[in-house]
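Subject: Structure for you to look at

Dear colleague,

I am passing on the structure we spoke about, and below it you will find my notes on what came out of it. Please read them with the structure open beside you.

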Amino acid sequence: MSKIVLQTPISDADIESLSVGDIIYLDGHLVTARDDVHHRLLKQERALPVDLAGKAIFHAGPIMKKIQEKPGRYEVVSIGPTTSMRMEAYEKEFIRRTGLKLIVGKGGMGPQTTEGCRIYKAIHAVFPGGCAVLAATCVEDVESVEWLDLGMPEAMWILRVKEFGPLIVSIDTKGNNLFEKNRRAFEAQKDVVLEEICRHVDYFG
Amino acid sequence: MDRTQARNTFIDLIARFTDYSSKHLPDDVRTKLKELGDREDSQMAKIIYTAMFDDIKMADALNRPVCQDTGVIQYFVRVGTKFPLIDEIEDGLREAVKKATEIAPLRPNAVEVFDEKNTGNNVGTRIPWIDWEIMPNRDDVEIYCYMAGGGCSLPGTAKVLMPLEGYEGVVKFVFDQITSYGINACPPLLVGIGIAGSVEVAAKLSKKALLRPLGSHNSNPRGAELEARIEQGLNDLHIGPGGLSGRSSVMGVHIEQAARHPATIAVGLSTGCWAHRRALIRIDASMGYEVISHRGAKI
């Protein structure tokens, strides 16, 4: 199987054929956007300083280091994904407003994001959680930073990446949600397991 | 060594120790991850474990934090009452965090409540968090550094149950949280459970349970058996690395307890992610040290 590499700007056609569980990589622009960026756009109604149409966002708060000899420029030290579920309440509207096509994060997202991905044609994919140095080595350049007043983790870092991955598609454009499917399986098994454990834990005299 | 010199040595040592613990997982965690990774047979689980091991290697080679979320720093201090620098520890730890944030570098994670400003240096109101235990008649100190990341702090919860909910209630409480919040918290997890009479004791014990080395057991035979049963049960859910399904779900389950009130069973839950950055150093009265969690570590 050949390696699937998405290139920004991403079109609807690029992602419509993808399904949950597919493994992909990204070339091009990836912009960090997490809690505070979502809050500023959707709660405080402030215009985003970066056009995200056709681009990819990364639920991530990196460790960045100033480059001494180039004032205002940064290099990435570590940049892994953060828990995507925190953005669940806002993501559908965020997709609609921005026209973004790929959300990279960690863990699953819920039914609202799944619906947003289906209606506005976008996907959510996970980068292996905690693998922050691995991710940093896929970043070619930190082009710029916006909203740095939010602090290093919450600012918008505009990155150029090369074969950024592996990214596991967790929500596709067809309404499928890999983590939701997994969660249902875990839940079903949970009842069986609990019943067995609970037969052994009556410690009362 | 005069007092100022000793203080500076202490700050420098803890800064380097904190820096080191962001970049290297403890021996027991590395061994456990290898064991769990070797047992996986699905392509998805193998890809995730490969990424994890690559990351651990690169962090070491490039001298960078294993995970970008270097957490809000917590120190669990067991101090001998005769430790000569006992008066300097609290302030020294705060200074060490500032220094570690610069030299590592660590991600600035301390956000002042109400002001909603990131302090930029990982020091803030009551942060680094310091937990104290006294060791009578000793002149050394043992300090755990724990990096409480956001992802693995998110599943944290505690509740006071009614006794007739029984230990069944405790077990159900744990499973409900792991199958919802836990799957997003970078499994394989270390699960810490506290059982006590009130909520803050249970919560604190659940975090202390995460400090125990993997493979250690609860001091009570029933407690040890319950740890094993919950561990087996969680693994039978096949949550897998990253929550993407696989053979195992957890690195371990640790329970710590305090005697409860007859009318309450409080349960607390804390989780540690696979990148469980827990380090332990022992410093003696003359500032000699040993990093217990990472054998042979040069810091």
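To begin with a single residue, B:Arg16 counts as partly exposed because 19 other C-beta atoms lie within 10 Å, and a residue would need 20 or more to be called buried. Please bear in mind throughout that this is a predicted model. B:Arg16 sits in helix 1 of chain B, which covers residues 3-23, and although B:Arg16 and B:Ile299 are 283 residues apart in sequence, their C-alpha atoms are 5.9 Å apart in space.

Turning to the interface, 43 residues of chain A are in contact with 48 residues of chain B. On the chain A side, strand 4 (63-66), strand 5 (74-78), helix 5 (132-136), strand 9 (156-171) and helix 6 (178-198) each supply at least two residues, with helix 6 of chain A giving the most, namely 11 residues. By type, the residues on this side of chain A are 23 nonpolar, 14 polar and 6 charged.

Within chain A, I also looked at helix 2 (residues 35-42) and helix 3 (residues 88-98), whose axes come within 10 Å and cross at roughly 65°, so helix 2 of chain A is roughly perpendicular to helix 3 of chain A. The crossing of these two helices of chain A is left-handed. Helix 2 of chain A contributes A:His38, A:Leu41 and A:Leu42 to the contact, while helix 3 of chain A contributes A:Tyr90, A:Glu93, A:Phe94 and A:Arg97; these residues comprise 4 nonpolar, 1 polar and 2 charged.

With best wishes

Technical notes:
Residues are numbered from 1 along each chain as its sequence is written. Chains are lettered from A and ligands numbered from 1 in the order in which they are written. This is a predicted model: local features need pLDDT of at least 70, side-chain atom pairs count only at pLDDT 80 or more; totals for chains, interfaces and linings use all residues. Two residues are in contact if their C-beta atoms, placed from the backbone, lie within 7 Å. Helices (H or I, at least four residues) and strands (E, at least two) are DSSP runs, numbered from the N terminus. Ala, Val, Leu, Ile, Met, Phe, Trp, Tyr, Cys and Pro count as nonpolar, Asp, Glu, Lys and Arg as charged, and the others, Gly among them, as polar. A residue is buried if 20 or more other C-beta atoms lie within 10 Å of its own, exposed if 12 or fewer, and partly exposed in between; C-beta atoms are placed from the backbone. Axes are lines fitted to C-alpha atoms, for helices over the stretch in contact, and angles run from 0 to 180 degrees between N-to-C directions. Angles under 35 degrees count as roughly parallel, over 145 as roughly antiparallel, 65 to 115 as roughly perpendicular and the rest as oblique. A crossing is left-handed if the near helix is turned anticlockwise from the far one by less than a right angle, and right-handed if clockwise.
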